Amino acid sequence: MKAIAVIPGKPGSVHLAELPKPNINEIPNGRGVLVRVLRVGVDGTDKEINAAEYGAAPSGYDFLVIGHESFGIVEEVGKNVTELVPGDYVTATVRRPGGSIYDKIGKYDTTTDDNYFEHGINLLHGFLTEYYVEDPEYLVKVPRGLKEYGVLLEPTSVIEKGIAQAYEIQRRLRVWHPKRAAVLGAGTIGLLAAMALRLRGMQVHVFGRTRAPYLNSDLIGQIGAHYHTTDEINIMQGAEKHGPFDIIFEATGFSPIAFEAMNCLGKNGVLVLSSVTGGDRKVEVPADMINLGFVLGNKVVVGTVNANREYFEMGVKDLSHAEHEWPGWISNFLTHPVKGLENYKELMNTLTNAKGAIKVFCEVAPIN
Ligand code: BGC
Ligand code: ZN
């Protein structure tokens, strides 16, 4: 079967690889599930892996199949699989457990291991292929009514984890009724964070660089959130005018913003940082002021990455809720489909160059 792969360490090495079709007996104890891949989304991580900024091949291979935002249909299950049946739609979690205590309790997204295993990213093949076999432990059922949006579940799981972490941390306050939220960045993650925060009843202000109106600012308006262009109103001014912000979700990919956000977080507020920034940028910050604000305001900042199945399940619920609240709204995310694994060059070019893309994805096989 075909797969889209890179040679880790070699920039621009994306190519079509050939792999044997897997079978359910590769998973022990009759627990194998054979999934036919239907769609796979791509994001900045895939771009950076193809640029050889990171990424590692599984042991015994010199290439890595990419793709971690998967959606597929179950074709066959082992005799001890009770959770799924053929015909079920599923998405797969990305990380697999390592050896830390967190991995042992299903919280592999908070592993303390230095070497982590992530499908399509680090040491495990990804899903940009025709079939994969997995233990149902790592497969999350996608309701039929969400089948067109299945490819959005992995990015949604990432924002769900961030927001769930914020609520979990804020239990320290005994009572926390967040009213105003800021989302920094209006890309896929920013839009999904705005959606989830609106669904939790908050007034949401999204800050982005692009001048409104454009698709993303329109989508933000459609769910009753507010879009601000940062060249008209910066985050500090935004906080003075529309704050105090009880929660700020950072998703710009630009690390200096984290310090600006710390500086304008409300008292008792929580700042969630989700950008994976591989560079070594340095900035000067008002250290005393930020520190003082955190101390006197009892504030918290938390970093978040990846997601375990609990957050994928939350994503299923929020996407379902959103589809009921704003029918058709999510379908606007599916801006750039590319048909067929063989069109891998077009897929990567679209990811790098397409203006106004929210989600670029490969249509590996048709959804029935
Ligand atoms: C993925 C996460 C992953 C992270 C770091 C992101 O693009 O969505 O699942 O943990 O990259 O590798
Ligand atoms: Zn990703």
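Which residue has a polar side-chain atom that lies 2.9 Å from an oxygen atom of ligand 1? In this predicted model, the residue is N306, whose side chain places a polar atom at that distance of 2.9 Å from an oxygen of the ligand. N306 has company in this role, for a polar side-chain atom of E154 lies 2.8 Å from an oxygen atom of ligand 1, and a polar side-chain atom of T45 lies 2.5 Å from an oxygen atom of ligand 1. Taken alone, ligand 1 would expose 310 Å², and of that area the protein buries 89%.

The surroundings of ligand 1 can be read residue by residue, since the shell consists of D43, T45, H68, V94, E118, I121, E154, V305 and N306. By chemical character these residues divide evenly, with three nonpolar, three polar and three charged members in the shell.

Two residues of that shell, D43 and H68, also lead to the metal site. The zinc ion, which is ligand 2, has as its protein donors the OD atom of D43 and the NE2 atom of H68, which lie 2.1 Å from the ion. The site has four donor atoms, and because the angles among them run from 75 to 157°, where a tetrahedral arrangement would need all angles between 85 and 135 degrees, the geometry is classed as irregular. As for where the protein donors sit, D43 belongs to the loop between β3 (33-42) and α1 (44-50), whereas H68 belongs to the loop between β4 (64-65) and β5 (69-77), so the pair ties together parts of the protein that are 25 residues apart in sequence. Both D43 and H68 are buried.

E154, already met as a contact of ligand 1, has its place in helix α3, which spans residues 153-170. Is E154 buried or exposed? With a relative accessible area of 7%, E154 is buried, a class that requires a value under 20%. The position of E154 also links distant parts of the sequence, in that the C-alpha atoms of E154 and F71 are separated by 9.2 Å although the two residues are 83 residues apart along the chain.

Further polar contacts join side chains to the backbone elsewhere in the model. N50 lies in helix α1 and is buried, with a relative accessible area of 12%, and its side chain reaches the backbone nitrogen of S13 at 3.2 Å. A comparable description can be given for D88, which is found in the loop between β5 and β6 (89-92) and counts as buried at 6% relative accessibility. A polar atom of the D88 side chain lies 2.9 Å from the backbone nitrogen of V85.

D62 offers a contrast in accessibility, for D62 is exposed, with a relative accessible area of 55%. This residue is found in the loop between α1 and β4, and although D62 and V6 are 56 residues apart in sequence, their C-alpha atoms are 8.8 Å apart in space.

The backbone itself deserves attention at several loop positions. The peptide bond from A212 to P213 is cis, with omega near 0°, and P213 is found in the loop between β13 (203-208) and α5 (215-222). Another cis peptide bond joins G243 and P244, again with omega of about 0°, and here P244 lies in the loop between α6 (235-242) and β15 (245-250).

Which values of phi belong to the residues other than glycine that take a positive angle? For N29, phi is near 60°, a positive value in a residue other than glycine, and for N298, which is likewise not a glycine, phi is positive at about 50°. N29 is found in the loop between β2 (15-18) and β3 and is exposed, with a relative accessible area of 62%. N298, for its part, is found in the loop between α8 (287-296) and β17 (300-303), and at 46% relative accessibility N298 counts as partly exposed.

Technical notes: Residues numbered from 1 in each chain as written. Chains lettered and ligands numbered in written order. Predicted model: local features only at pLDDT ≥ 70, side-chain atom pairs only at ≥ 80, totals over all residues. Heavy atoms only, no water. Near = heavy atom within 4 Å. Polar contact = N/O pair within 3.5 Å; in protein donor to acceptor, adjacent residues only side chain to side chain. Areas by Shrake-Rupley, 256 points an atom, 1.4 Å probe, with all protein chains shown as cover. Nonpolar A, V, L, I, M, F, W, Y, C, P; charged D, E, K, R; others polar. Donors = N, O, S within 2.8 Å, 3.2 Å for Na, K, Ca; no water. Tetrahedral: all angles 85-135°; square planar, octahedral: opposite > 155°, others 65-115°. Helix = DSSP H or I, 4+ residues; strand = E, 2+ residues; numbered from the N terminus. Buried < 20%, exposed > 50% of the residue type's maximum accessible area, 1.4 Å probe, protein only.
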